[in-house]
Amino acid sequence: MKMLARLILGLVIFDAAGTAPTLEPINYDSETYDTVLEDLDNLYNYENIPIGQAEFETATVMPSGNRELLTPPPLPDEAEEEEEEESTPRLIDGSSPQEPEFTGVLGPHTNEDFPTCLLCTCISTTVYCDDRELDAIPPLPRNTAYFYSRFNRIKKINKNDFASLNDLRRIDLTSNLISEIDEDAFRKLPRLRELVLRDNKIRQLHELPNTLTFIDISSNRLGRKGIKQEAFKDMSDLHHLYLTDNNLDHIPLPLPENLRALHLQNNNILEMHEDTFCNVKNLTYIRKALEDIRLDGNPINLSKTPQAYLCLPRLPIGSLV
């Protein structure tokens, strides 16, 4: 215990000694003084001077010996930091001109040599190009995951518009003038989950990636031949399929097993078969996922095919007369 106390006391004394002020010697110049302190007593003999005849004389006296001046120790790294600050010029915003610049902050340039993220709004991996009077898809940053370009004048989607955008998950091109889509425009996007093309002039829907979970192509011009046979068959993750206002005359079959919502309002569907939703060969089959079927606005009488709804958790919405 005594040894520990001595050790702590030694550390305290060592620390105090390290932080104590340093002594600097002061040398005096003798030429600036009249005499020295040691000779002051021998300068005058006051014993033989009569009373009343004493005189006063002033002189500057040099201190005896060399003295030492106490100076506080310099704070560590302060001098170095001050020199660095003085030697390194700073810009108005406080940054250093030697710092590297970030290239491509505003994304790739459009055909008019205008940065995409200056024309549109880029937030993290989302690009918003709504209502910008665009007539084509602008070049997008490679890390784009969500792209919105609604209320523009885009007429065609080319095969290279979304090329190499492997992180793209949602495309929303609502309310444009799209009438033509290249066959490979969407097919090679490996992570595309949601595709919204409503309120355009699309007549033909080409092959789509099987990764889709949400498709909305409402208010277009697909008609009788706009959707290929078995177009949605292999989309095992498709949950929502919206095809309203397309002048369709049939329900696109087969439907994915996990489909939850099917909207076909305001088309020209005239008939339905008993196996449209159910498996007529298996009367115990129940289609639990498909709870939202909209057929209102079609010239079909749902009451004529009651066997078609036996496997459904809810009856479709539509005309019964």
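This report describes confidence, sheet architecture, aromatic packing and one exposed loop residue in a predicted model.

**Confidence**

The chain has a mean pLDDT of 80, and 64% of its residues reach 70 or more. Over residues 78–104, pLDDT stays under 50, and the model has 8 contacts beyond four places in sequence for this stretch. Where pLDDT is low, the predicted coordinates should not be read in detail.

**The sheet**

An open sheet is formed by 9 strands, whose order is β5-β6-β7-β9-β11-β12-β13-β14-β15, with mixed pairing. The edges are occupied by β5 (121–123) and β15 (292–294); each has a single partner strand, so one side of each is left without a neighbour in the sheet. On average, neighbouring strands of this sheet are turned by 5° against each other, direction ignored.

Strands of a sheet pair through backbone hydrogen bonds, either parallel or antiparallel. Strand β11 (residues 194–196) and strand β12 (residues 214–216) run parallel and are joined by 3 bridges. Within this pairing, Leu 195 has Ile 215 of β12 as its bridge partner.

**Aromatic packing**

A search of the whole structure finds 4 aromatic pairs. One of them joins Phe 147 and Phe 162 in an edge-to-face arrangement, with 6.0 Å from centre to centre and 65° between the planes. Phe 147 belongs to strand β7 (residues 146–148), whereas Phe 162 lies in the loop between β8 (156–157) and β9 (170–172), so the pair ties together parts that are 15 residues apart in sequence. Strands β7 and β9 are both members of the open sheet, where they stand next to each other in the strand order.

Phe 147 is buried, at a relative accessible area of 0%, and Phe 162 is likewise buried, at 1%. Together with Phe 186, Phe 147 and Phe 162 form one aromatic cluster.

**An exposed loop residue**

Ile 286 is located in the loop between β14 (261–263) and β15. The residue has a relative accessible area of 52%; because the exposed class begins over 50%, Ile 286 counts as exposed. Ile 286 and Leu 310 are 24 residues apart in sequence, and their C-alpha atoms are 8.0 Å apart in space.

The table lists the relative accessible areas of the residues discussed.

| Residue | Relative accessible area | Class |
|---|---|---|
| Phe 147 | 0% | buried |
| Phe 162 | 1% | buried |
| Ile 286 | 52% | exposed |

Methods:
Residues are numbered from 1 along each chain as its sequence is written. This is a predicted model: local features need pLDDT of at least 70, side-chain atom pairs count only at pLDDT 80 or more; totals for chains, interfaces and linings use all residues. Side-chain values use heavy atoms; hydrogens and water are left out. Rings of Phe, Tyr and Trp (its six-membered ring) pair if their centres lie within 6.5 Å; planes under 30 degrees apart count as stacked, over 60 as edge-to-face and the rest as tilted. Helices (H or I, at least four residues) and strands (E, at least two) are DSSP runs, numbered from the N terminus. Buried means under 20% relative accessible area, exposed over 50%, partly exposed in between (1.4 Å probe, protein chains only). pLDDT is the predictor's confidence in each residue, from 0 to 100. Contact means heavy atoms within 4.5 Å. Two strands pair if DSSP finds at least two bridges between them. Axes are lines fitted to C-alpha atoms, for helices over the stretch in contact, and angles run from 0 to 180 degrees between N-to-C directions.
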